[in-house]
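Biologist: Could you put the structure up? I'd like to ask how the labels we use are earned.

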Amino acid sequence: MRLIFLGPPGAGKGTQAKLLTERYGIPQLSTGDMLRSAVAQQSEVGKRAKAVMDAGQLVSDDIVNEIVSDRIDAPDCAKGFILDGYPRTVPQAIALDRMLEEKGLKLDAVIELKVDEAALVRRMENRVAETVAAGGTVRSDDNPEAFRRRLEEYREKTAPLSQHYARTGQLKTVDGMADVDTVTAEIERVLA
Ligand code: AP5
């Protein structure tokens with residue numbers, strides 16, 4: 001099973017991808033997590049990505065395309081994978097189409113989570129409050145200014161991907177406003 005999760009920041013892509021990982025036994029490939037790990041390790045990619053991510057903007061297509069292409073060659077992706085947060089621009093989607101064709105792989109579905117913007121802001125605020133209460137480190141892009149920018153980037157660069165995947169017939173839209181379990185059940189229904 002090869003899936004893509006599409007949706008704005010805070011839509012629940014990571015939450016649902018983790019749950020499906022257990023269900024299908026395939027890894028979650030979160031470009032956000034991979035980039036945060038590169039930043040933490042202060043690798044070359046991390047150094048280039050940090051300021052861009054902190055500002056809520058998108059990292060360059062070349063960087064993420066290369067990261068994903070390498071990652072899906074790993075043995076744990078042999079049975080499939082769940083792309084969480086990639087592709088995020090039309091050029092990334094075109095690069096992914098080409099990458100999969102070259103590797104002889106096919107996508108099974110693209111799941112788009114729809115959530116109102118007001119709910120997205122509340123989710124980000126909840127995540128910050130929960131992280132602080134647990135004594136953890138708040139994500140450097142989980143603040144009002146960066147989050148506003150992340151939403152703008154989503155509207156401008158990522159939302160057009162719905163049309164891209166509607167044209168290929170792979171798009172499945174799911175109401176992401178419901179509670180986590182209900183959203184999971186709906187995803188399993190559309191994949192069945
Ligand atoms: P990334 O890490 O992908 O962040 P994001 O897309 O902004 O999404 P989030 O992780 O905030 O939200 P999510 O949809 O995964 O929701 P979650 O499950 O966490 O990207 C970060 C940055 O990296 C980008 O801004 C960019 O700079 C860079 N980047 C990454 N990929 C890139 C790419 N392809 N190209 C270029 N740059 C890239 O849930 C959010 C909260 O809501 C949680 O607290 C959760 O518990 C809660 N929640 C989840 N579901 C529900 C529900 N149903 N009801 C109530 N609460 C819920």
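Modeller: Let's start with a cut-off: exposed means over 50% relative accessible area, and buried means under 20%. On those terms D181 and R189 of α9 are exposed. Bear in mind that this is a predicted model.

Biologist: Which residues of α9 are buried, and what makes them one face of the helix?

Modeller: V183, T184, I187, V190 and L191 are the buried ones in α9. Looking down the axis of α9, they fall within an arc of 130 degrees, so they line one face of the helix. D181 and R189, on the other side, are exposed. The cover over the buried residues includes β1 (2-6), α1 (13-24), β4 (109-114) and β5 (171-175).

Biologist: How do you know that the length of α9 agrees with what a helix should span?

Modeller: The expected span is 1.5 Å times one less than the number of residues. With 12 residues, 180-191, α9 should span 16 Å, and its end C-alpha atoms are 17 Å apart, which agrees.

Biologist: What makes the link between D179 and D181 at the start of α9 a polar contact?

Modeller: The cut-off is a pair of N or O atoms within 3.5 Å, with one able to donate a hydrogen and the other to accept it. Here a side-chain oxygen of D179 reaches to within 3.2 Å of the backbone nitrogen of D181, so the pair meets the distance limit of 3.5 Å.

Biologist: On to the sheet. What is the order of its strands, and which are called edge strands?

Modeller: The open sheet has 5 strands in the order β2-β3-β1-β4-β5, with parallel pairing. β2 (28-30) and β5 are the edge strands, as each pairs on one side only. From one strand to the next, the twist averages 25 degrees.

Biologist: How do you know that β2 and β3 count as paired?

Modeller: Pairing takes at least two bridges. β2 and β3 (residues 81-84) have 3 bridges in the parallel sense, so they pass. L29 has L83 in β3 as its bridge partner, and S30 stands opposite D84 in β3.

Biologist: And which strands does β1 pair with?

Modeller: β1 runs parallel to β3, joined by 4 bridges, and parallel to β4, again with 4 bridges. R2 stands opposite F81 in β3, while F5 has I111 in β4 as its bridge partner.

Biologist: Why is β1 called largely enclosed?

Modeller: Because 5 of the 5 residues of β1 are buried. R2, I4 and L6 point one way, L3 and F5 the other way, and all are buried. In a regular strand the side chains alternate between the two faces of the sheet. β3 is covered on both faces too: F81 and L83 are buried on one side, I82 and D84 on the other.

Biologist: What does the side chain of Q28 make a polar contact with?

Modeller: With the side chain of D84, at 2.8 Å, which is within the 3.5 Å limit and therefore counts. Q28 lies in strand β2. Beyond its neighbours within four places in sequence, Q28 is in contact with G14, A17, K18, T21, D33, I82 and D84.

Biologist: Back to helices. What puts the buried residues of α2 on the same side?

Modeller: The buried residues of α2 are T31, G32, M34, L35 and A38. They cover an arc of only 165 degrees around the axis, which puts them on the same side of α2. A40 and Q41, on the other side, are exposed. β2, α3, α4 (61-71) and β3 are included in what covers the buried ones.

Biologist: What makes Q42 stand out, and is Q42 buried or exposed?

Modeller: Most residues other than glycine have a negative phi, and most peptide bonds are trans. Q42 has a positive phi, near 55 degrees, without being a glycine. Q42 sits in the loop between α2 (31-41) and α3 (44-54). Its relative accessible area is 59%, over the 50% cut-off, so Q42 is exposed.

Biologist: Why is the peptide bond from Y86 to P87 called cis?

Modeller: The omega of that bond is near 0 degrees. P87 is found in the loop between β3 and α5 (90-103).

Note on methods. Residues numbered from 1 in each chain as written. Predicted model: local features only at pLDDT ≥ 70, side-chain atom pairs only at ≥ 80, totals over all residues. Heavy atoms only, no water. Helix = DSSP H or I, 4+ residues; strand = E, 2+ residues; numbered from the N terminus. Buried < 20%, exposed > 50% of the residue type's maximum accessible area, 1.4 Å probe, protein only. Arc of directions from axis to C-beta. Contact = heavy atoms within 4.5 Å. Axes fitted to C-alpha atoms, helices over the stretch in contact; angles between N-to-C directions.
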